[in-house]
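Subject: Structure for your review

Dear colleague,

Please find below the structure that I am handing over to you. I would be grateful if you read the notes that follow with the structure open beside them.

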Amino acid sequence: MATEQVEVRELKEGRYIVIDDEPCKIISISMSKPGKHGEAKARIEAMGLFDTNKKSVVYPVKHKVLVPLIDKRQAQVVSIQGSEAQLMDLETYEMFSLPVTDEVKDTIKPGGDVLYMITMDRKKITRV
């Protein structure tokens, strides 16, 4: 599992975080001021990269959380069968199949190039 630990205070909107073993993109972060007997807290709203569920967590700003390491790569579309696309990585020439999401199904075509991401041993087509 390719992750690293980062303090909550270092996170920013648009970056990534692991919530419930699911890599998520941070939508918003709101920080509260420290109280009389407590420390500052951060409320993080995030959207799952693979399941697209909205998640919300609250952590102290000094708490360490896992951040997924995301590898973005380029591939060529070899063929499309139903909702699966067969792709070939343009660096390693590895062949694999990925599901075609609703976001890219209208623009993806055989022979074209796509960008995909690899994180936590999972892959997803991000854009055409």
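Asp20 counts as exposed, because its relative accessibility is 68% and the cut-off for that word is over 50%. Please keep in mind that this is a predicted model. Asp20 is found in the loop between strand 2 (16–19) and strand 3. Its phi is positive, at about 55°, although Asp20 is not a glycine. As background, most residues other than glycine have a negative phi.

Thr52 also deserves attention. Its phi is positive too, near 50°, and Thr52 is likewise a residue other than glycine. Thr52 lies in the loop between strand 4 and strand 5. With a relative accessible area of 47%, Thr52 is partly exposed.

The strands on either side of that loop form a hairpin, with five residues between them. Strand 4 covers residues 41–48 and strand 5 covers residues 54–60; the two pair in the antiparallel sense over seven bridges. To locate the pairing on your screen, you may start from Arg43, whose bridge partner in strand 5 is Val58.

The loop that precedes strand 4 holds Pro34, which sits between strand 3 (22–31) and strand 4. Is Pro34 buried or exposed? Pro34 is exposed, as its relative accessible area is 56%. Leaving aside neighbours within four places in sequence, Pro34 is in contact with Glu39 and Ala40. Pro34 and Val61 are 27 residues apart in sequence, and their C-alpha atoms are 9.9 Å apart in space.

I turn next to a sheet. In general, the strands of a sheet pair through backbone hydrogen bonds, either parallel or antiparallel. Here, five strands form an open sheet in the order 9-8-7-10-11, and the pairing is antiparallel. Why is one side of strand 9 and of strand 11 left without a neighbour in the sheet? Strand 9 (95–99) and strand 11 (122–127) stand at the edges and each has a single partner strand, so one side of each has no neighbour there. On average, neighbouring strands of this sheet are turned by 45° against each other, direction ignored.

Within this sheet, strand 7 and strand 8 follow one another in the order. Strand 7 (residues 71–81) and strand 8 (residues 84–89) pair in the antiparallel sense over six bridges. One of the residues to look for is Gln81, whose bridge partner in strand 8 is Glu84.

Yours sincerely,
A colleague

Definitions and conventions:
Residues are numbered from 1 along each chain as its sequence is written. This is a predicted model: local features need pLDDT of at least 70, side-chain atom pairs count only at pLDDT 80 or more; totals for chains, interfaces and linings use all residues. Side-chain values use heavy atoms; hydrogens and water are left out. Two strands pair if DSSP finds at least two bridges between them. Helices (H or I, at least four residues) and strands (E, at least two) are DSSP runs, numbered from the N terminus. Axes are lines fitted to C-alpha atoms, for helices over the stretch in contact, and angles run from 0 to 180 degrees between N-to-C directions. Buried means under 20% relative accessible area, exposed over 50%, partly exposed in between (1.4 Å probe, protein chains only). Contact means heavy atoms within 4.5 Å.
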